[in-house]
Amino acid sequence: MNNKSTTDEATNEVQTGEEATNTEHTMTEEQMAELVKAVHHNGIVALKMHFNEVQGQVMNMEAYGPVFVFHVLDEAKDVYSCGFFLHELVTRFQTNNSPNVWMASFFIDLMKVKGGKALTPPPTSEEEAKAMIDNVLVPHCIEAVREEFAPEQVHAGLAWNETHGPVFEAGFPAVTEGNNVCAIPLHMLLIHLQLNRDPSELLLQGLYNIRKEHGME
């Protein structure tokens with residue numbers, strides 16, 4: 001494709017790890033602990049506005065900082081789990097952009113399939129990671145972006161970015177001036193998949209930003 005580059009808009013989520021690390025560096029351990037405690041509490045309160053039984057835990061992931069995993073039980077006592085990053089929850093709560101509705105929406109989607117949904121275990125080897133990428137991640141992302149913009153032609157597939165390494169890129173061949181591609185590092189798409197978040201949402205966000213830039217809306 002023409003004009004390959006990783007759009008800033010499309011990679012807002014990609015900066016999650018760096019943002020979390022920078023936040024940790026500018027805050028004392030005590031301040032960070034208080035922030036994590038407050039965000040965890042707010043997450044529980046927000047979800048209890050929609051669900052009766054809610055539990056939560058915090059995982060500290062080196063590449064992404066604190067990750068908040070909440071577990072919601074439905075009427076059948078089946079458990080649905082979903083993870084969120086520190087910066088996105090802080091942003092939601094600070095802007096009061098309906099954080100309870102936004103958080104609940106992920107669980108409502110998960111509950112469309114009965115029987116519960118645990119977090120997807122991370123791959124334990126390169127072979128498992130490759131299988132997850134080739135058999136689950138890539139086909140899902142390709143189908144999602146093409147379905148979203150059909151019948152318009154959309155380029156979608158794996159690529160290599162000098163800064164981010166292996167990426168999934170998507171874009172519009174019809175755009176010939178300026179940037180026409182968004183690229184998301186595979187590790188970011190994989191962590192979303194593992195947290196029961198739809199990785200294609202990152203790509204769709206980037207593609208809609210490109211359309212907005214070029215007046216295609």
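Modeller: Angles between helices and strands run from 0 to 180 degrees between N-to-C directions, with each axis a line fitted to C-alpha atoms. Please keep in mind that this is a predicted model.

Colleague: With that in hand, how does helix α5 lie with respect to β4 and β5?

Modeller: Helix α5, residues 126–149, lies across both β4 and β5, and its direction is at about 130° to that of β4. Helix α6, residues 186–194, also packs on the sheet, where it touches β4, β5 and β6 and makes about 65° with the direction of β6.

Colleague: What makes β4 and β5 a pair of strands?

Modeller: Two strands pair if at least two bridges are found between them, and β4 and β5, the latter being residues 165–171, are joined by seven bridges in the antiparallel sense, so they count as paired. Among these bridges, glycine 157 has glutamate 169 as its partner in β5, while histidine 155 has glycine 171. The two strands form a hairpin, with three residues between them.

Colleague: And how do you know that β5 is joined to β6 as well?

Modeller: The same cut-off of at least two bridges applies, and five bridges join β5 to β6, which run antiparallel. Within this part of the sheet, alanine 170 stands opposite cysteine 182 in β6.

Colleague: Which strands are the edge strands of the open sheet, and in what order do its strands come?

Modeller: The order is β4-β5-β6, three strands with antiparallel pairing. The edges are β4, residues 155–161, and β6, residues 181–185, since each of these pairs on one side only. From one strand to the next, the twist averages 30°.

Colleague: Why is β5 described as largely enclosed?

Modeller: A residue is called buried when its relative accessible area is under 20%, and six of the seven residues of β5 are buried, so the strand is largely enclosed by the rest of the structure. For the whole protein chain of 217 residues, 45% count as buried.

Colleague: Let us turn to valine 72, then: why does it count as buried?

Modeller: Valine 72, which lies in strand β2, has 0% relative accessibility and therefore counts as buried, the limit being under 20%. Leaving aside its neighbours within four places in sequence, valine 72 is in contact with several residues, including Leu47, Val54, Tyr80, Phe107 and Met111.

Colleague: How do you know that the length of α4 agrees with that of a helix?

Modeller: With 1.5 Å for each residue, the 12 residues of α4 should span 16 Å, and its end C-alpha atoms lie 18 Å apart, which agrees. The buried residues of α4 include Pro99, Asn100, Met103 and Leu110, and the buried residues of this helix pack against α2 (29–48), β2 (65–73), β3 (79–85) and α3 (86–95).

Colleague: What covers the buried residues of α3?

Modeller: The buried residues in question are Leu86, Glu88, Leu89 and Val90, and their cover includes α2, β2, β3 and α4. Just after α3, asparagine 96 takes a positive phi of about 55°.

Colleague: Why is the pair of tryptophan 102 and phenylalanine 106 called edge-to-face?

Modeller: A pair of aromatic rings is described by two values, the distance of the centres and the angle of the planes. The structure holds nine aromatic pairs. In the pair you ask about, the ring centres of tryptophan 102 and phenylalanine 106 are 5.1 Å apart and the planes stand at 90°. Centres must lie within 6.5 Å for a pair, and planes over 60 degrees apart count as edge-to-face, so the pair of tryptophan 102 and phenylalanine 106 is edge-to-face.

Colleague: How far apart are these two residues along helix α4?

Modeller: Tryptophan 102 and phenylalanine 106 are four residues apart in α4, residues 99–110, and are therefore separated by about one helical turn. In general, an α-helix has 3.6 residues a turn, so residues three or four places apart point the same way. Both tryptophan 102 and phenylalanine 106 are buried, and they belong to one aromatic cluster with Phe51, Phe70, Phe84 and Phe107.

Colleague: What makes you say that arginine 197 lies over the face of phenylalanine 106?

Modeller: Arginine 197 is at 4.5 Å from the ring centre of phenylalanine 106 and lies over its face, and the distance limit for this is within 6 Å. Arginine 211 lies over the face of phenylalanine 172 too, at 5.3 Å from the ring centre.

Methods: Residues are numbered from 1 along each chain as its sequence is written. This is a predicted model: local features need pLDDT of at least 70, side-chain atom pairs count only at pLDDT 80 or more; totals for chains, interfaces and linings use all residues. Side-chain values use heavy atoms; hydrogens and water are left out. Contact means heavy atoms within 4.5 Å. Rings of Phe, Tyr and Trp (its six-membered ring) pair if their centres lie within 6.5 Å; planes under 30 degrees apart count as stacked, over 60 as edge-to-face and the rest as tilted. Buried means under 20% relative accessible area, exposed over 50%, partly exposed in between (1.4 Å probe, protein chains only). A charge sits over a ring if NZ of Lys or CZ of Arg is within 6 Å of the ring centre and within 35 degrees of the ring normal. The expected span of a helix is 1.5 Å times one less than its number of residues.
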